[in-house]
Amino acid sequence: MTRVAIIGLGFTPARPTSAHQSYKEMMFEAAQRAYADASIEAAEIQSFVTCAEDLNEGLSIFDEYTPDQLGAALKPMHTLPQDGLHGIADAVMEIRSGLVELVVVEAHSKASNILTLDWIVDYATDPIYNRPLNLNPHYIAGLEMNCFLHVSRVTPEQCAAVVAKNRRNALRNPAAAYAAGLTNEHVLNSPYAFYPLHENELAETVDGCVVLVLASEARARRANSQPIWVRGVGWANAAFSLEARDWAQADYCRVAADIAYKQAGITAPAREIQVFEVDDTYAYKELQHLEALHVFANAGEAGRATEQGATELGGATPVNVSGGALGVGNALEATGLYRAAELVMQLRGQAGPRQVKAAKVGLAQSWRGVPTTSGAVVILSAD
């Protein structure tokens, strides 16, 4: 099968609100940047994928509203109601099938337009056993964190260190919305959202858009840009039911990672991968995901490494040097694509003051958020 590369990248900065732009204008801006980066015209693209959730958009059959601003009129186009990393997997399969050579993946967030986001998320809980409780869906994260801390022996201080690290990292990222020089004490002194989860440990929503151009190896070799190769993709879902899932382990992440590692030929992630962009929608999730990704033997080790600075920029295992979702913001379906976009810049050597030295291989991982057990992993390489 042909290899696949990312040859174009475009995005808008993540912002808490974007009253000056519609989602169509954000998509047009990101797409124009991506096409210029890839040195292509929209007419050359053969297929388009957009990642969006109709309930968040307030529109049904959302791909009816995306062709014009992407240059996709009268072209094959479909919507995935999933995180953007699933869109990369979709594009890879299209190209490897031999059907097309150029595919565009788009994901965006206009969260500031959504007045009742928590109600929409609660609509995804079980209609018989969970939804009648009429609880804010973040309570699920609080319950999971409580179980995770008990089983893993991770401490609240280690979770707070994740927030402080990622918010500080975001100070080096001009696209980040929630950069701040926080300390562990700032985090631990913030009010509880849902015990033991503090308010500062939740990623706040942002508006933004990311567009990637993917190409077959033959087409990438002809492109006037620096290709970043997709070495592995994987995705998985664990138990949907709150009553049946594993509350201490991120099984969906482990399965997705194992699939991606097998494709990429990676057996020792911590040694073979130089930079990790990992979902941190809630601070404890970064540590849980690092265990599931086999980066550390267990979450307790991940927590201690974070406390000791090993996951900082310049540390042995840099994690979320972009700022992650805690620093950049929770961009809904685009959150995973912001992680992938950071890797493209890192592997091209274009990350500026947050550049990881000698970065050749990177991993992006996403989770769709409560109440789901849906995740994806993408492994990218500079050569």
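Helices (H or I, at least four residues) and strands (E, at least two) are DSSP runs, numbered from the N terminus. Axes are lines fitted to C-alpha atoms, for helices over the stretch in contact, and angles run from 0 to 180 degrees between N-to-C directions. The model is a predicted one, in which local features need pLDDT of at least 70 and side-chain atom pairs count only at pLDDT 80 or more, while totals for chains, interfaces and linings use all residues. Residues are numbered from 1 along each chain as its sequence is written, and side-chain values use heavy atoms, with hydrogens and water left out.

**Two helix pairs**

Let us start with α10 and α12, whose axes come within 8 Å and cross at roughly 40°. Angles under 35 degrees count as roughly parallel, over 145 as roughly antiparallel, 65 to 115 as roughly perpendicular and the rest as oblique. The α10 and α12 pair is therefore oblique. Their crossing is right-handed, a word used when the near helix is turned clockwise from the far one by less than a right angle. On the α10 side, Tyr-252, Cys-253, Arg-254 and Ala-257 meet Lys-285, Gln-288, His-289 and Ala-292 of α12; contact here means heavy atoms within 4.5 Å. By class, 4 of the residues in the contact of α10 with α12 are nonpolar, 2 are polar and 2 are charged. For these classes, Ala, Val, Leu, Ile, Met, Phe, Trp, Tyr, Cys and Pro count as nonpolar, Asp, Glu, Lys and Arg as charged, and the others, Gly among them, as polar.

Now look at α4 (residues 84-96) and α15, which pack at an angle of about 70° with their axes 6 Å apart. These two, α4 and α15, are therefore roughly perpendicular to each other. Here Gly-84, Leu-85 and Ile-88 from α4 meet Gly-336, Leu-337 and Ala-340 from α15. The contact of α4 with α15 has 4 nonpolar and 2 polar residues, and no charged ones.

**The nonpolar cores**

A nonpolar core is a set of buried Ala, Val, Leu, Ile, Met, Phe, Trp, Tyr and Cys residues joined through side-chain atoms within 4.5 Å. Buried means under 20% relative accessible area, exposed over 50%, and partly exposed in between (1.4 Å probe, protein chains only). In soluble globular proteins, nonpolar side chains tend to be buried together.

The largest core in this model has 53 residues, and the members that touch the most others are Tyr-261, Tyr-282, Tyr-284, Leu-293, Leu-363, Val-377 and Ile-379. Elements giving two or more residues to this core include α6 (138-152), α7 (156-169), α10 (251-264), α12 (283-292), β10 (361-367) and β11 (374-381). The largest share, 7 residues, comes from α10. Leaving aside residues up to four places away in sequence, Leu-363 touches, among others, Tyr-261, Ile-273, Leu-293, Val-377 and Ile-379. A second, separate core has 46 residues, among them Val-49, Val-100, Ala-331 and Ala-341.

**Loops worth a visit**

Several loop residues are easy to find and have their own exposure values.

| Residue | Relative accessible area | Exposure |
|---|---|---|
| Gln-21 | 15% | buried |
| Ile-61 | 55% | exposed |
| Leu-135 | 37% | partly exposed |
| Thr-317 | 8% | buried |
| Ala-358 | 63% | exposed |

Gln-21 sits in the loop between β1 (4-11) and α1 (23-38). Not counting neighbours within four places in sequence, Gln-21 is in contact with Met-26, Glu-29 and Lys-110. Gln-21 and Asp-207 are 186 residues apart in sequence, and their C-alpha atoms are 9.8 Å apart in space.

Leu-135 belongs to the loop between α5 (117-122) and α6. The C-alpha atoms of Leu-135 and Asp-118, 17 residues apart along the chain, are separated by 9.4 Å.

Thr-317 is in the loop between α13 and α14. Apart from residues up to four places away in sequence, Thr-317 touches Phe-276, Val-295, Phe-296, Ala-310 and Thr-311.

**Backbone details**

Most residues other than glycine have a negative phi, and most peptide bonds are trans. Ile-61, in the loop between α2 (54-57) and α3 (67-70), has a positive phi of about 50° although it is not a glycine. Ala-358, in the loop between α15 (335-348) and β10, has a phi near 60°, also a positive value in a residue other than glycine.

Where are the cis peptide bonds? One joins Tyr-195 and Pro-196, with omega about 5°, and Pro-196 lies in the loop between β5 (192-194) and β6 (197-198). The bond from Val-370 to Pro-371 is also cis, with omega near 0°, and Pro-371 is in the loop between β10 and β11.
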